[in-house]
Amino acid sequence: LLHGQHQKLFDCVLSIYYMNIDSSKSSLSARRRMFQEDFNPCVAWARGYQLAPCRVSAVTPHCDAWAEAYEEFGSLVMESQDSSNGAAASCILLSFREALQRAKESFLAHRQEEFVLVTEDDMCLQQGFDLHLEAVIKELRVAKSVMGACLHSLSLEENGLSLPEGCPALFEEWPRYPPKPSKAKGGHIANWPGHAVIPDQPLVLLLKTEHLQEFSKLFERRLCQGSWSPLDWLLAHAPFGEDDVLRLAARNGFCRCIPSWDAKSSSARHEQHRAT
């Protein structure tokens with residue numbers, strides 16, 4: 001459908017905060033920027049939505065933000081050389097923290113938007129994303145105490161845990177991997193039996209602006225109260241997904257990772273690891 005022919009659920013601009021990789025060290029930074037500033041807004045415009053891409057500068061172990069966080073949180077941070085749960089993963093947590101701060105400041109200044117998006121920088125909208133988004137928004141408006149929803153999980157799909165069309169757009173309870181390792185419908189094996197399913201590849205979080213302050217405080221408390229974990233794992237578990245502060249989309253359809261010739265580069269965490 002062309003612009004103007006689609007009935008939207010809200011009329012204001014939808015801001016998207018992209019957690020970016022260091023542009024001076026990432027070979028894919030320019031390509032990702034094109035998707036963020038050109039491709040995604042064009043896809044959205046064709047469905048009657050106006051996107052405002054906001055690029056959040058990368059946090060790396062060589063910048064002041066990392067040094068300040070290390071001093072503040074000490075042994076709680078991840079600092080190994082592992083690409084999945086080391087310094088790169090800690091940097092993404094700090095980039096997410098900065099994105100929340102930017103979103104809060106914008107909302108307090110203007111107070112117009114009902115929702116904002118925070119996402120990894122390799123997020124690519126799918127055609128028909130709006131149908132998926134609007135179904136999620138309708139359910140979030142009913143669930144008053146829920147602060148937001150994660151809109152994508154490759155892990156959910158690969159483990160055969162997605163709900164079919166016709167079912168609710170969001171899980172009422174955050175889903176878990178099967179209690180025992182077993183091959184799922186897609187032939188994949190649950191990596192963490194019994195644990196909450198991670199929202200990944202890419203991670204995309206839709207937040208209610210009325211809860212931004214509260215959510216940010218909750219995130220800060222989580223960083224202070226226990227060892228850090230990768231962002232997708234952290235948001236799936238308490239005090240977020242497991243405690244019904246966030247909900248998970250019951251099926252994918254909103255987005256996918258930016259197509260890449262290098263499979264490893266489709267992961268923002270792996271690319272961040274290369275940069276660090």
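A residue is called buried when its relative accessible area is under 20%, exposed when that value is over 50%, and partly exposed in between. The structure above is a predicted model, and this distinction will guide the reader through several of its parts. Consider Gly86, whose relative accessible area is 0%, so Gly86 counts as buried. This glycine sits in the loop that links helix 2 (64-73) to helix 3 (87-110). Gly86 and Pro230 are 144 residues apart along the chain, and their C-alpha atoms are separated by 8.5 Å.

Strand 1 extends the theme of burial. This strand covers residues 14-19, and 6 of its 6 residues are buried, so strand 1 is largely enclosed by the rest of the structure. In a regular strand, side chains alternate between the two faces of the sheet. The pattern can be followed here: Leu14, Ile16 and Tyr18 point one way, while Ser15, Tyr17 and Met19 point the other way, and all of them are buried.

Which strands are joined to strand 1 by bridges? One of them is strand 2 (residues 51-56), which runs parallel to strand 1 and is joined to it by 6 bridges. Within this pairing, Ser15 stands opposite Ala52 of strand 2. Strand 3 (residues 115-120) also runs parallel to strand 1, and 4 bridges connect these two strands. Here Tyr17 has Val118 of strand 3 as its bridge partner.

The cysteines come next. How many disulfides does a search of the whole structure find? The search finds 0. Cys91, for its part, is in no disulfide, and the nearest cysteine sulfur, that of Cys63, lies 6.6 Å away. A disulfide requires two cysteine sulfur atoms within 2.5 Å. Cys91 is also buried, because its relative accessible area is 0%. Why does Cys124 form no bond with Cys255? The sulfur of Cys255 is the closest cysteine sulfur to that of Cys124, but the distance is 8.2 Å, which is too far for a bond. Cys124 has a relative accessibility of 0% and therefore counts as buried.

Charged side chains offer another set of contacts, and the structure holds 8 salt bridges. One of them is formed by the side chains of Arg33 and Glu37, with an N to O distance of 3.1 Å. Both residues belong to helix 1 (residues 29-46), where they are 4 residues apart, or about one turn of the helix. Arg33 has a relative accessibility of 41% and so counts as partly exposed. Glu37, at 36%, is likewise partly exposed.

Other salt bridges connect separate parts of the chain. Arg97 forms one with Glu72, and their closest N and O atoms are 3.4 Å apart. Because Arg97 lies in helix 3 and Glu72 in helix 2, the pair ties together parts that are 25 residues apart in sequence. Arg97 is partly exposed, with a relative accessible area of 23%. Arg141 pairs with Glu114, the closest N and O atoms being 2.7 Å apart. Since Arg141 lies in helix 4 (residues 129-142) and Glu114 in the loop between helix 3 and strand 3, this pair ties together parts that are 27 residues apart in sequence. Arg141 counts as partly exposed at 26% relative accessibility, and Glu114 counts as partly exposed at 30%. In addition, Glu72, Arg97 and Glu220 are joined into one network by salt bridges that share partners.

The final part of this account concerns the backbone. Most residues other than glycine have a negative phi, and most peptide bonds are trans. Where does the backbone contain a cis peptide bond? One such bond runs from Gln201 to Pro202, with omega near 0°. Pro202 is placed in the loop between helix 5 (154-158) and strand 6 (204-208). Gln201, which lies in that loop between helix 5 and strand 6, has a positive phi of about 50° although it is not a glycine. Gln201 is partly exposed, with a relative accessible area of 23%.

A cis peptide bond also joins Ala238 and Pro239, where omega is about 10°. Pro239 is located in the loop between helix 7 (231-236) and strand 7 (246-248). Asp244 is found in the loop between helix 7 and strand 7, and its phi is near 65°, a positive value in a residue other than glycine. At 28% relative accessibility, Asp244 counts as partly exposed.

Technical notes: Residues are numbered from 1 along each chain as its sequence is written. This is a predicted model: local features need pLDDT of at least 70, side-chain atom pairs count only at pLDDT 80 or more; totals for chains, interfaces and linings use all residues. Side-chain values use heavy atoms; hydrogens and water are left out. Buried means under 20% relative accessible area, exposed over 50%, partly exposed in between (1.4 Å probe, protein chains only). Two strands pair if DSSP finds at least two bridges between them. A salt bridge is a side-chain nitrogen of Lys or Arg within 4 Å of a carboxyl oxygen of Asp or Glu.
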